[in-house]
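Work through the exercises below with the coordinates open. Try each task before reading its solution.

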Amino acid sequence: MLSGLLIYGLSALDLALDPTTALVILLTAETTQWLASRWVGCRFDPRSPLISALSLCLLLRTATPVWGMVAAVVAIGGKFVIRVRGKHVFNPANLGLVVTMVLTDAAWVSPGQWGTVMTVAVSLVLLGMLVTRRAERDDVTWAFLVAWATILGTRAWWLGDPLSIPLHQLQNGALLIFAFFMISDPKTTPDHRAGRVVYAVWVATLGAVLEFVFFVPAALIWALALSAPIVPLLDLWLPALRYRWPSFSSSSTRSTRSVMEAV
C-alpha cells in the first residue's frame, strides 16, 4: 500500500522527494534495524523498518539526504530504546519526523503536498480501510476522523464559514495518510478499545489546539508525538491483551511473529 502511494505521489503529484534521499532513508532504516536486532539478540525482519522508511518517504521533505538518514535512525532506534513494559512508546515514523524537525529547519512536513482531490481521498480511504481492518485498528482511525470532522465542523459553524470548507479540509491527502497509516499503528496505540477511542479524541483535540490556536505547521504530527507518553497510562487504566501480529499460515511464521511482537 505504502509503496503504491509513493509511486503515485512521485509520478502523478511530482512530490519533492529526491530519489537519493529516498534510497538513503530505506537503506538506513534497514541497516539500523539489522544492527539493533543483533544488539538485542532477535531475528532481523526487513518488513518492519520498510514500513517506517516508506512512511518517512511519503511525509518527510528535506534539502539534504543527511537529515533523511537522521530521521531513519531515530525512527528505528527509538523502537529499541524508548520502551515501557516491553512496548515501544512512539510511532517510529512519527518520532523520526518530529526529532528531525526539532534538530533542523532543513526538514519539514508539507500537509498540502498530497492535495485535496476527491479521487485521491477516496483511494486513500479505501486502501487505508484494508490496512487498518487487517491490523484490527480501524477503531482508532475512525474515532480520530469523527473527532477531527466534528472539530472542523464546529469551528466552521462558529466562524460562519460554509460547510464546503471543512469538507475540503477532510479531503486532505496528508490527513488521510496520518489517519490510516500513522495513528493506527497497532504497536503504539492503547491495548483496550475504549483506550484507543480516548487516545484518538485526545490527539484530534490537541492537534486542533496546536493548529488553530498556536498555528503550528503539521500540527497533527506534533500532537501524535506529544500524546504518545499517555498510552502507557491508558494501558494501566484500561488493561487488555497486548497486540500480537496475526499469523498468516502455520508454524513457519512463528519465529517471525515472535520478533514482530518484540519490536
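## Exercises with solutions

Ala-218 is buried, with a relative accessible area of 12%; buried means under 20% relative accessible area, exposed over 50%, partly exposed in between (1.4 Å probe, protein chains only). The model is predicted, so local features need pLDDT of at least 70 and side-chain atom pairs pLDDT 80 or more, while totals for chains, interfaces and linings use all residues. Residues are numbered from 1 along each chain as its sequence is written, and side-chain values use heavy atoms, without hydrogens and water.

**Exercise 1. Examine the backbone of Ala-218 and Phe-215 in the loop between α10 and α11.**

Step 1. Take the general rule: most residues other than glycine have a negative phi.

Step 2. Read the angles. Phi of Ala-218 is near 50°. Phe-215 has a positive phi of about 55°.

Step 3. Place them. Ala-218 lies in the loop between α10 and α11. The helix ranges are 193–212 for α10 and 219–227 for α11, and Phe-215 lies in the loop between them. Helices are DSSP runs (H or I, at least four residues) and strands likewise (E, at least two), numbered from the N terminus.

Step 4. Check accessibility. Phe-215 is exposed at 65%, whereas Ala-218 is buried at 12%.

**Exercise 2. Classify the aromatic pair of Trp-142 and Phe-180.**

Step 1. Apply the rule. Rings of Phe, Tyr and Trp (its six-membered ring) pair if their centres lie within 6.5 Å; planes under 30 degrees apart are stacked, over 60 edge-to-face, the rest tilted. The count comes to five aromatic pairs.

Step 2. Classify. Trp-142 and Phe-180 lie 5.6 Å apart, centre to centre, with 85° between the planes, so the pair is edge-to-face by the cut-offs.

Step 3. Locate the rings. Trp-142 is in α7 (residues 138–159) and Phe-180 in α9 (residues 173–181), so the pair ties together parts 38 residues apart in sequence.

Step 4. Add accessibility. Trp-142 is partly exposed at 36%. Phe-180 is buried at 0%.

**Exercise 3. Describe helix α5.**

Step 1. Find its length. α5 (residues 92–103) has twelve residues and reaches 17 Å from first C-alpha to last. The expected span is 1.5 Å times one less than the number of residues; here that is 16 Å, and the helix comes close to it.

Step 2. Count the burial. Nine of the twelve residues in α5 are buried, among them Leu-95, Val-98 and Met-101.

Step 3. Inspect the start. A side-chain oxygen of Asn-91 reaches to within 3.2 Å of the backbone nitrogen of Ala-93.

Conventions: Polar contact = N/O pair within 3.5 Å; in protein donor to acceptor, adjacent residues only side chain to side chain.
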